[in-house]
Amino acid sequence: MAAVLRGLEGKNVLITGAAKGQGFSHAKAFADAGADIAALDITEPIADIYPLATAGMLDATVAAIEDLDRRVIPLPCDLRDESQVESSVAKALDFFDGRIDVLVCNAGVAALDSIQGMRSHVLDAVFDTIVKGHMYVAKFVVPNMIERRSGKIVNISSGVTGSGHAQLSHYVAAKHAIQGLTSAWAFELAEFDINVNCVAPATIRPGDGQGSGMVLGLAGEVGMTADDAYEMFSAAGNMPGPKWRTEMQNITDAVLFLASDNADQITGHVLRVDAGQGAR
């Protein structure tokens with residue numbers, strides 16, 4: 001008998017970085033499973049970071065979810081700004097009538113910098129978006145979960161925490177921090193029956209349009225096509241061979257599993273959907 005994910009229908013889900021790449025994929029999948037969505041994304045550029053989500057992409061995310069007959073609220077928000085995060089979470093709670101069931105902390109940015117050529121503003125952008133961004137959004141969502149003694153948090157780390165990667169030291173360090181947050185939050189929130197887990201994805205094959213994420217952006221920095229950059233990053237960490245090339249859906253499947261009732265006895269765990277990067 002095939003396993004079925006339980007407990008997603010009717011849930012209220014807040015997803016950061018929801019307008020493109022992984023976040024867009026997760027938002028559509030949750031909606032398809034019967035959840036309503038608060039879609040948060042920056043919708044403005046950051047200096048010397050590849051092109052990020054736009055307001056038009058966030059609008060398209062809303063349209064895609066509405067096409068699945070689910071409710072959705074767009075939340076333009078820069079996660080580096082605590083006041084913007086506080087305001088956005090308040091809007092989500094109002095939209096959801098005071099209940100956020102699932103938080104997916106997905107938003108992140110990266111750039112290529114050598115150690116000696118590290119640009120301080122890029123270092124700040126990476127850490128502030130990934131580490132502070134995760135912490136700010138949790139700061140304002142967690143009280144609602146504690147009050148109700150219920151909730152699932154899924155953080156997104158990276159497979160590079162198992163293998164490292166040249167010229168990505170700021171990104172690798174920030175993603176290690178997310179695994180530390182996952183462990184700390186799991187212990188802190190266990191008494192309130194809140195699960196906190198993490199997915200560590202491999203390099204993900206670029207899709208079209210909003211399915212395209214970080215690989216497409218970094219490809220532009222090194223003057224490569226998205227497909228060539230995908231293969232270069234995959235070959236640097238994944239197990240060899242065509243089987244070990246990761247698709248967006250592989251990550252979305254893991255996120256939905258950890259958010260479902262099927263994962264009720266899992267907390268503080270890093271699920272490495274990394275094509276073997278952590279084993280090399």
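## A walk from loop to core

Start by selecting T43, which lies in the loop between β2 (36-41) and α2 (55-66). Keep in mind as you go that this is a predicted model. Look at the backbone of T43: its phi is positive, about 60°, although T43 is not a glycine. Most residues other than glycine have a negative phi. With a relative accessible area of 21%, T43 counts as partly exposed, since the cut-off for buried is under 20%.

Next, jump to R149, in the loop between α4 and β5. Here again is a residue other than glycine with a positive phi, this one near 55°. R149 is partly exposed, and its relative accessible area is 42%.

From that loop, move along to strand β5, residues 151-156, and show β6 beside it. In which sense do β5 and β6 pair, and over how many bridges? They pair in the parallel sense, over six bridges. To line the two strands up by eye, select I156, which stands opposite V199 in β6.

Now colour β6 itself, residues 194-201. How many of its eight residues are buried? Eight of the eight are, so the strand is largely enclosed by the rest of the structure. Turn on the side chains and you can sort them by direction: I194, V196, C198 and A200 point one way, while N195, N197, V199 and P201 point the other way. Both sets are buried, asparagines N195 and N197 included.

Bring in β7, residues 270-273, as well: four bridges join it to β6, and these two strands run parallel. A handy marker for this pairing is A200, whose bridge partner in β7 is R272.

While β6 is on screen, pick out C198 and add C105. Is C198 buried or exposed? It is buried, with a relative accessible area of 0%. C105 is buried too, at 1%. Draw a distance between their sulfurs: for C105, the nearest cysteine sulfur is that of C198, 9.9 Å away, and C105 is in no disulfide. C198 is likewise in no disulfide, its nearest cysteine sulfur being that of C105. A disulfide would need the sulfur atoms within 2.5 Å, and the structure holds zero disulfides.

The next stop is the packing inside. Which residues have the most contacts within the largest nonpolar core? They are L14, I49, V89, I100 and I153, in a core of 56 residues. Show helix α4, residues 120-148, to see where the largest share of this core comes from: the helix supplies 12 residues.

Centre the view on I100 and display what surrounds it. Leaving aside neighbours within four places in sequence, I100 is in contact with N12, L14, V89, A92, L93, V141, N144, M145 and R148. Apart from the largest core lies another one, of 32 residues; I15, L58, V102 and V104 are among them.

Finish with two places where a charge meets a ring. Select R71 and F95: the charged end of R71 sits over the ring of F95, 4.1 Å from its centre. Then select K243 and W244, where the charged end of K243 sits over the tryptophan ring, 4.9 Å from its centre. As for rings that pair with each other, the count comes to one aromatic pair.

Notes
Residues numbered from 1 in each chain as written. Predicted model: local features only at pLDDT ≥ 70, side-chain atom pairs only at ≥ 80, totals over all residues. Heavy atoms only, no water. Buried < 20%, exposed > 50% of the residue type's maximum accessible area, 1.4 Å probe, protein only. Pairing = 2+ DSSP bridges. Core = buried A, V, L, I, M, F, W, Y, C linked by side-chain atoms within 4.5 Å. Contact = heavy atoms within 4.5 Å. Phe/Tyr/Trp six-rings, centres within 6.5 Å; stacked < 30°, edge-to-face > 60°. Lys NZ or Arg CZ within 6 Å of the ring centre and 35° of its normal.
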